[in-house]
Amino acid sequence: METNPIPILTIQTTPFDDQRPGTNGLRKKTAVFESKKNYLQNYIQSVLSSIDLRDRQGCTMVVGSDGRYFSRTATEVIVQMAAANGIGRLVIGHNGILSTPAVSCIIRKIKAIGGIVLTASHSPGGPGGDFGIKFNVANGGPSPDTVMERIHQVSRTLEEYATCPDLHIDLSRLGRHDFDLENKFKPFRVEIVDSVEIYLNMLRGIFDFGAIKSLLTGLKIRIDAMNGVMGPYVRKILCDELGATANSAVNCVPLEDFGGQHPNPNPAFAGPLVDSMKGGEFGFGAAFDADGDRYMIMGQNGFFVSPSDSLAVMAANLSCIPYFSQRGVRGFARSMPTSMAIDRVAKAMKVALYETPTGWRFFGNLMDSGRCSLCGEESFGTGSDHIRDKDGLWSVLVWLSIMAVRKQGVEEIVRDHWAKMGRNYFCRFDYEGVDGRMAYYLMRDLEAVITDKTFTPQKFAVGNNVYSVEKADNFEYIDPVDGSVSRKQGLRIIFTDSSRIIFRLSGSGSGGGATIRIYAESYERDPERHSRETQVVLGPLIAIALKISNIHERTGRKGPNVIT
């Protein structure tokens, strides 16, 4: 306990007009947070002020980061401001480190009012990289639209923030630390907790660790933590707890710049893992993004499992997981752009399937109301109702559990699934850094084209393929729980053979222009045609998408930045 009460100061400031949180909170170039006076403080105050004063006084919050550059500085600012704003207790990961799934887990475990996660997800770190702030609410999930709007409204008129600049905390010291503040009857408490243990205890209650441990005695695996937050989790859970050899895990030291790499678990950025898996030495491979909510699965000889296929395979095999075999399966959900592979599983299992807008917050209501057991997005994120966020390591343990029960390798499991359900070929083209106004007008004009009454009867012929339009719209979602309506969530063109083309403006960028995403999907029932190259199968649909959008002509691009 400090001997002298720490003073609380009120600092004058001016509002910023660019602090509207997006799909994943507020994400900007690190230099914006670091160099703009009070930019960080203004946003943290907006988050804290968005919580009703009566709920805020004396409450508990969780704070964690993916370890990227500027996280330690931001964590100290959060501690100082939380104390000054009446928060009673902060629970922070050791050295400030907590994965996004662990934050969700801890919020739910200790019944916190919410949590702040310092991450820009799979975006680069370092002084020249990105930085972000996410606020998860009391159910452990990302802020719903109403909360994000409240934060934004506060940020627009903010004139002052409260802080305790003399309060300092050593994030390396585990345990409780109490601070006496001026004009406060109760001390402000900071608890530095083991980053992994609470999350690990949750996983012990979900999976059969014995079965996974037995599997790993005869299976060589390769796990790439990509120098993000997941290093300590991989070491403690997969190696120490489940018996994977120490050299199974690589890039397990969290670095502020992620080793100069994109901490993005897909084949375009996880090249070393892809190369390792192609060698045939390892039977299972996985990579995680910076904050541990996204993942990639690979099988022996470099067999890549697309996120949509991963979600569908998990759904079809949930009986391999004790958590689900005991609780049952209540329903599935996917974001609208995600492939319809899981829809076929839902139909076969006779469970409900919900199609939501992109953004994990839309799954929260479904899970809180008991409608949904498993959900996922095409952007390498999957999770269940054990928490309220995407969970990369949980997903890896699901795959290892399926392999343990079925006694099959990754590729065999996927090909068996295709043989039973058919294959949904799927790809995504990302056009990054597009001028914001240009992107807006492109999408506006495209919507006018596809929603014109003359568009729906059209047929598009590309080579030997003919596609007849069945439906075209701007996706709208009515939440079955609270009736809230989310409009303009992505342009859809659905063809009579169930093929789809989707156009969507991404809301998760760091401010360096807009990202336009084009998705293409085609279903193939014939097992003899399940081994074709994805880009060959979807080439005709992509050609149609490029033609009707004129994206190359309008943006001056010759192609996408990234294809997944």
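In the predicted model, an open sheet is built from four strands, which follow the order E16-E15-E17-E18 with mixed pairing. Its edges are formed by strand E16 (352-356) and strand E18 (381-384), each of which pairs on one side only. When direction is ignored, neighbouring strands of the sheet are turned by 15 degrees against each other on average. Within this arrangement, strand E15 (residues 331-335) and E16 run parallel and are joined by five bridges. In this pairing, glycine 331 of E15 is placed opposite alanine 352 in E16.

Helix H13 packs on the sheet and touches E15, E16 and E17. The direction of H13 makes about 165 degrees with that of E15; angles over 145 degrees count as roughly antiparallel, and H13 and E15 are therefore roughly antiparallel to each other.

H13 (residues 341-349) also packs with helix H11 (residues 307-316). Packing of two helices is described by the angle between their axes together with the distance between the axes. For H11 and H13, the axes come within 8 Å and cross at roughly 15 degrees. Because angles under 35 degrees count as roughly parallel, H11 and H13 are assigned to that category. The crossing in which H11 passes H13 is right-handed. On the H11 side, the contact is made by Ser308, Asp309, Leu311, Ala312, Ala315 and Ala316, and on the H13 side by Ala341, Ile342, Val345 and Met349. Classified by residue type, this contact comprises eight nonpolar residues, one polar residue and one charged residue. H13 thus has contacts both with H11 and with strands E15, E16 and E17 of the sheet.

The loop following helix H14 (361-368) leads to strand E17 (374-377) and contains serine 369. Serine 369 has a relative accessible area of 33% and is therefore partly exposed, since this class lies between the limits of 20% for buried and 50% for exposed residues. Serine 369 and glutamate 447 are separated by 78 residues in sequence, and their C-alpha atoms are 34 Å apart in space.

Elsewhere in the chain, strand E3 (residues 60-65) is mostly covered, with six of its six residues buried. Burial extends to both faces of E3: Thr60, Val62 and Gly64 are buried on one side, and Met61, Val63 and Ser65 are buried on the other. E3 runs parallel to strand E4 (residues 89-97), and five bridges join the two strands. In this pairing, serine 65, one of the buried residues of E3, has isoleucine 97 of E4 as its bridge partner.

Backbone geometry was also examined in the loop between strand E10 (221-224) and helix H9 (231-241), where methionine 226 is found. Most residues other than glycine have a negative phi. Methionine 226, although not a glycine, has a positive phi of about 55 degrees. Asparagine 227 is likewise placed in the loop between E10 and H9, and its phi is near 55 degrees, a positive value in a residue other than glycine. Methionine 226 has a relative accessibility of 7% and therefore counts as buried. Asparagine 227 is buried as well, with a relative accessible area of 11%; both assignments follow because buried denotes a relative accessible area under 20%. In this loop, positive phi values thus occur at methionine 226 and asparagine 227, and these residues are buried.

Methods
Residues are numbered from 1 along each chain as its sequence is written. This is a predicted model: local features need pLDDT of at least 70, side-chain atom pairs count only at pLDDT 80 or more; totals for chains, interfaces and linings use all residues. Side-chain values use heavy atoms; hydrogens and water are left out. Axes are lines fitted to C-alpha atoms, for helices over the stretch in contact, and angles run from 0 to 180 degrees between N-to-C directions. Angles under 35 degrees count as roughly parallel, over 145 as roughly antiparallel, 65 to 115 as roughly perpendicular and the rest as oblique. A crossing is left-handed if the near helix is turned anticlockwise from the far one by less than a right angle, and right-handed if clockwise. Contact means heavy atoms within 4.5 Å. Ala, Val, Leu, Ile, Met, Phe, Trp, Tyr, Cys and Pro count as nonpolar, Asp, Glu, Lys and Arg as charged, and the others, Gly among them, as polar. Buried means under 20% relative accessible area, exposed over 50%, partly exposed in between (1.4 Å probe, protein chains only). Two strands pair if DSSP finds at least two bridges between them.
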